[in-house]
Amino acid sequence: ERIDTRLVNNYSEYAQLIYDLNFQFAEFVRLKVGDREYKPVLSSMDNVYGLSKGRSIILVFVPDEKTDQTLYNAKKMDMVYEDELFELGTNHFVFLREDLDQIPQLQY
């Protein structure tokens with residue numbers, strides 16, 4: 001892979017960036033739902049080894065307690081990404097329940 005010299009100065013910094021994306025990404029993310037916040041219990045970056053220009057990061061959020069239905073009943077969720085890796089600042093990704101309900105169900 002070509003190193004983007006705007007983000008890193010050498011291979012060591014590049015390796016650290018890739019490590020952080022793979023194993024530390026969850027530290028920079030939280031999901032705000034009403035007055036509650038959830039941290040990811042799992043995060044994973046796909047490694048496409050140069051086969052595509054983009055990368056996908058999978059995040060899994062679950063309530064701390066089985067009785068907590070806030071996450072499941074929320075009309076709006078705000079995923080906050082405090083970007084220290086690419087120096088983009090604080091990013092908000094808002095998800096609406098009505099949009100999530102339109103995702104086709106997986107049949108298995």
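Begin with the lining of the second largest pocket, whose residues divide into twelve nonpolar, one polar and two charged; the model on screen is a predicted one.

**Stop 1: the second largest pocket**

Select Leu71, Met77, Arg97, Leu100 and Ile103, which lie nearest the centre of the second largest pocket among the 15 residues that line it. The volume of this pocket comes to about 490 Å³. To see which elements contribute to its wall, colour helix 2 (70-73), strand 5 and helix 3 (97-100), each of which supplies at least two residues of the lining.

**Stop 2: strand 5 and its partners**

Keep strand 5 selected and widen the view to the sheet, an open one in which four strands follow the order 2-1-5-6 with antiparallel pairing. Its edges are strand 2 (36-38) and strand 6 (89-96), each of which pairs on one side only. On average, and with direction ignored, neighbouring strands of this sheet are turned by 25° against each other.

Strand 5 covers residues 76-83, and its antiparallel pairing with strand 6 runs over eight bridges. Two positions are useful for following this pairing by eye: Asp78 stands opposite Val94 in strand 6, and Val80 stands opposite His92 in strand 6. Then move to the hairpin of strand 5 and strand 6, where five residues lie between the strands and Glu87 takes a positive phi near 60°.

Now turn to the pairing of strand 5 with strand 1, which is also antiparallel and is made by four bridges. Here Val29 is the residue to pick, since it stands opposite Tyr81 in strand 5. With a surface switched on, is strand 5 mostly covered or mostly exposed? Strand 5 is mostly covered, six of its eight residues being buried.

**Stop 3: Val33 in strand 1**

Select Val33, which is found in strand 1 and counts as buried at 1% relative accessibility. A distance drawn from the C-alpha of Val33 to that of Lys66 spans 16 Å, for two residues that are 33 apart in sequence.

**Stop 4: the salt bridges**

How many salt bridges does a search of the whole structure find? The search finds three.

Start with Arg30 and Glu82, whose side chains meet in a salt bridge at 3.2 Å, N to O. Because Arg30 lies in strand 1 (residues 29-33) and Glu82 in strand 5, this pair ties together parts that are 52 residues apart in sequence. Glu82 itself counts as partly exposed, at 28% relative accessibility.

Stay on Arg30 and add Glu37, with which Arg30 forms another salt bridge, the closest N and O atoms being 3.3 Å apart. Glu37 is likewise partly exposed, with a relative accessible area of 48%.

Finally, select Arg36 and Asp68, whose side chains meet in a salt bridge at 3.0 Å, N to O. This pair links distant parts of the chain, 32 residues apart, with Arg36 in strand 2 and Asp68 in the loop between strand 4 (57-60) and helix 2. The two partners fall into separate accessibility classes: Arg36 counts as partly exposed at 40% relative accessibility, whereas Asp68 counts as buried at 8%. To close the tour, show Arg30, Glu37 and Glu82 together, since salt bridges that share partners join these residues into one network.

Key: Residues are numbered from 1 along each chain as its sequence is written. This is a predicted model: local features need pLDDT of at least 70, side-chain atom pairs count only at pLDDT 80 or more; totals for chains, interfaces and linings use all residues. Side-chain values use heavy atoms; hydrogens and water are left out. Two strands pair if DSSP finds at least two bridges between them. Axes are lines fitted to C-alpha atoms, for helices over the stretch in contact, and angles run from 0 to 180 degrees between N-to-C directions. On a 1 Å grid over the protein atoms alone, a cavity is a set of points where a 1.4 Å probe fits but cannot get out, and a pocket is an open set with protein on both sides within 12 Å along at least five of seven lines; lining residues have an atom within 4 Å of a point. Grid points are joined across faces, edges and corners, and a volume is the space filled by probe spheres set on the points. Ala, Val, Leu, Ile, Met, Phe, Trp, Tyr, Cys and Pro count as nonpolar, Asp, Glu, Lys and Arg as charged, and the others, Gly among them, as polar. A salt bridge is a side-chain nitrogen of Lys or Arg within 4 Å of a carboxyl oxygen of Asp or Glu. Buried means under 20% relative accessible area, exposed over 50%, partly exposed in between (1.4 Å probe, protein chains only).
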